[in-house]
Amino acid sequence: MEIWKWVFVGILCFAAFASTAGAVKLGRGQPTERISGSAGDVLEDDPVGRLKVFVYELPSKYNKKVLQKDPRCLTHMFAAEIFMHRFLLSSPVRTLNPEEADWFYTPVYTTCDLTPNGLPLPFKSPRMMRSAIQLISSNWPYWNRTEGADHFFVVPHDFAACFHYLEEKAIERGILHLLQRATLVQTFGQRNHVCLKEGSIIVPPYAPPQKMQAHFIPEKTPRSIFVYFRGLFYDVGNDPEGGYYARGARAAVWENFKDNPLFDISTDHPTTYYEDMQRAVFCLCPLGWAPWSPRLVEAVIFGCIPVIIADDIVLPFADAIPWEEIGVFVDEKDVPNLDTILTSIPPEVILRKQRLLANPSMKQAMLFPQPAQPGDAFHQVLNGLARKLPHEKTIYLRPGEKILNWTAGPVGDLKPW
Ligand SMILES: *[C@@H]1O[C@H](CO)[C@@H](O)[C@H](O)[C@H]1NC(C)=O
Ligand SMILES: *[C@@H]1O[C@H](CO)[C@@H](O)[C@H](O)[C@H]1NC(C)=O
């Protein structure tokens, strides 16, 4: 192993490893860099005045009651569906007059049904969603006007509106038919996949901002770890062969680099996890079972260059965040060369990525803070919706025209919720 290279990079980059402490407090004079027309400009757009959102008032069994039954829903990685609702209720973009609304939002917490271990069970989600749509379409005239084309829904589950955690089953189900015309706000992003349709807004998974903030270490701490990763390499329980889980990429990381001194990788989740990320140059972000995880968010917050190993991934707010410039993309097939790929990146390129990562607007866009702050993920969703305006005239159906089929999909989904 060419250790010297790592030492070299380490020394050269020392100054700029002045990491990210205060990231969420944002900007304290550390060197940052902008890319004009992208990071900065678009991320700092103020959506207020550019769109108006009408929030349907639904019976509390679709949202508040579900949450009361299980407050853990507020902290799991899909919690954005709840926080987005709360944000919109007090947002200046909200309008109480549906006649002037550009977008309609239906607050339904379809992901808040957790197993004792905290994993969301999406089996009732299609019926719950269908029931909510039935309700809004019979009580207000706006759904029928476009059959949902000016409505958006937050569907943060693994495979979003396909509502299943097994990919095979998710693909078989496809996106819930009634949502075909709506705009979906989801964490799942993979090109050419039936569970991602055009026009969807990809958001980061929810990661608790205060929890991360509590672990900031002094800004000048040098980054003495070259590559860092904590997580599963094999899912022995579900995939003993190791070829299916993460499409084999994680297994390949382990087999090739478990004894490599440049790679600090393990399945143990240490209490210093967040601190370690602030001491690392590169943080691996490989695919897992769920297509995305808070790992990417953590890397950005802690200024660790994300190494994205997930072919065809569509990253959060990719129309506003210059991921190619910030991160390193490694094809799944190239994992065995990860050491060469990363040690060959010139120090000035590493420094530039670190400066871009230090840009506070980049970190802000990854978070759903309470209360909301300018430029955060809530605002990026609104910016995304605003950029789709004005709606094309063709979304409005002619009187009597129907496109959606209310009886399409698995028979089980048609049962009342
Ligand atoms: C919308 O259309 C459905 C039939 O597709 C109908 O049952 C419902 O009453 C309509 N809603 C309104 C508000 O007219
Ligand atoms: C609606 O979907 C059901 C179930 O797939 C199908 O049997 C029916 O023919 C469809 N109706 C229309 C009008 O296409």
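**Strand pairing and the nonpolar core**

The protein chain contains 15 helices and 10 strands in this predicted model. Of its 417 residues, 43% count as buried. Among contacts in the chain with a separation of 6 or more, 74% link residues that are 24 or more positions apart.

Five strands form an open sheet in the order 7-6-8-9-10, and the pairing in this sheet is parallel. Its edges are strand 7 and strand 10 (328–329), each of which pairs on one side only.

Strand 6, comprising residues 225–230, is mostly covered, with 5 of its 6 residues buried. Two parallel pairings involve this strand. Strand 7 (residues 263–266) is joined to strand 6 by 4 bridges, and in this pairing Val-227 lies opposite Phe-263 of strand 7. Strand 8 (residues 280–286) is joined to strand 6 by 3 bridges. Here Tyr-228 of the one strand faces a partner in the other, as Tyr-228 stands opposite Cys-283 in strand 8. In a regular strand, the side chains alternate between the two faces of the sheet.

Towards the other edge of the sheet, strand 9 (residues 305–309) runs parallel to strand 10, and 2 bridges connect the pair. Val-307 is located opposite Val-328 in strand 10.

The largest nonpolar core comprises 112 residues, and the residues with the most contacts inside this core are Phe-282, Cys-283, Val-307 and Ile-309. Strand 8 supplies the largest share of the core, namely 6 residues. At least three core residues come from each of two domains: domain 1, which spans 53–206 + 375–390, and domain 2, which spans 209–366.

Cys-283 appears both in the strand pairing, opposite Tyr-228, and among the core residues with the most contacts. When neighbours within four places in sequence are set aside, Cys-283 is in contact with Tyr-228, Phe-229, Met-277, Ala-299, Cys-304, Ile-305, Pro-306 and Val-307. These contacts of Cys-283 include Tyr-228, its partner across the pairing of strands 6 and 8. They also include Val-307, which is likewise listed among the core residues with the most contacts and stands opposite Val-328 in strand 10.

Definitions and conventions. Residues are numbered from 1 along each chain as its sequence is written. Chains are lettered from A and ligands numbered from 1 in the order in which they are written. This is a predicted model: local features need pLDDT of at least 70, side-chain atom pairs count only at pLDDT 80 or more; totals for chains, interfaces and linings use all residues. A residue is buried if 20 or more other C-beta atoms lie within 10 Å of its own, exposed if 12 or fewer, and partly exposed in between; C-beta atoms are placed from the backbone. Two residues are in contact if their C-beta atoms, placed from the backbone, lie within 7 Å. Two strands pair if DSSP finds at least two bridges between them. A nonpolar core is a set of buried Ala, Val, Leu, Ile, Met, Phe, Trp, Tyr and Cys residues joined through C-beta atoms within 7 Å. Domain bounds come from an automatic or database domain assignment.
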